[in-house]
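Biologist: I would like to learn how to read a model of this kind. Please take me through it feature by feature.

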Amino acid sequence: MNLSAPGRDIKPNNRQMKTCYQCLKSKEDSEFYLDNRSDDLLTASCKECQKARAKDRYKNYPLTEEQKRKKYQNLVEWRKENPERYKELVDKNNKKRAKSPRE
Ligand SMILES: [Zn+2]
């Protein structure tokens, strides 16, 4: 009987830890997001790294001109629809500024 013969039905239960390719830490599967394009159905980097990267991306790639324009447009629209609320906000802001000591 050849124990090393291929095809033996061994559950790969030693594969409980996956190493994150970014922080190189061994983590449980639950520390990775699911990714159906990946061989083991998990993302290559752990949740923490993914989150950090998403934050980074936002910092490094701020809104495009188009997005800024849209955002501004939304603000203008909102201001038109909520003139009272807008006035309130401006007043509040002015008061805050007036209160804070200069110098
Ligand atoms: Zn990681």
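The dialogue below goes from confidence to overall layout, then to the helices and the loops.

Modeller: Keep in mind that this is a predicted model.

Biologist: What is the mean pLDDT of the protein, and what share of its residues reach 70 or more?

Modeller: The mean is 82, and 81% of the residues reach 70 or more. Among the helices and strands, confidence is highest in strand β2 (residues 26-28), at 94, and lowest in helix α3 (residues 83-99), at a mean of 85.

Biologist: Over which residues does pLDDT stay under 50?

Modeller: The general idea comes first. Where pLDDT is low, predicted coordinates should not be read in detail. Here the stretch is residues 7-11, and the model gives these residues zero contacts beyond four places in sequence.

Biologist: How many helices and strands are there, and in what order do the elements run?

Modeller: The protein has three helices and two strands. Starting at the N terminus, the order is β-β-α-α-α.

Biologist: What part of the protein is buried?

Modeller: Of its 103 residues, 4% are buried. As for contacts with a separation of 6 or more, 18% of them join residues 24 or more positions apart.

Biologist: How do I read the length of a helix, and what span should α1 have?

Modeller: Compare the distance between the end C-alpha atoms with the span expected at 1.5 Å a residue. For α1 (47-60), the 14 residues should span 20 Å, and the ends are 20 Å apart, so the two agree. Helix α2 (residues 65-81) has 17 residues and reaches 24 Å from first C-alpha to last, close to the expected 24 Å.

Biologist: Is α2 largely in the open or covered, and why?

Modeller: It lies largely in the open, because zero of the 17 residues of α2 are buried. Helix α1 is hardly covered either, with one buried residue among its 14.

Biologist: Which way does the sign of phi usually go?

Modeller: Most residues other than glycine have a negative phi. L24 has a positive phi of about 60 degrees, although it is not a glycine. L41 also has a positive phi, near 65 degrees.

Biologist: Where do L24 and L41 lie?

Modeller: L24 is in the loop between β1 and β2, while L41 is in the loop between β2 and α1. L24 counts as exposed because 10 other C-beta atoms lie within 10 Å. For L41 the count is 12, so this residue is exposed as well.

Biologist: Where is K25, and why does it count as partly exposed?

Modeller: K25 sits in the loop between β1 (17-19) and β2. It counts as partly exposed because it has 13 C-beta neighbours inside 10 Å. The C-alpha atoms of K25 and S45 are separated by 9.6 Å, with the two residues 20 apart along the chain.

How values were computed:
Residues numbered from 1 in each chain as written. Predicted model: local features only at pLDDT ≥ 70, side-chain atom pairs only at ≥ 80, totals over all residues. pLDDT = per-residue confidence, 0-100. Helix = DSSP H or I, 4+ residues; strand = E, 2+ residues; numbered from the N terminus. Contact = placed C-beta atoms within 7 Å. Buried ≥ 20, exposed ≤ 12 C-beta atoms within 10 Å, placed from the backbone. Expected span 1.5 Å × (residues − 1).
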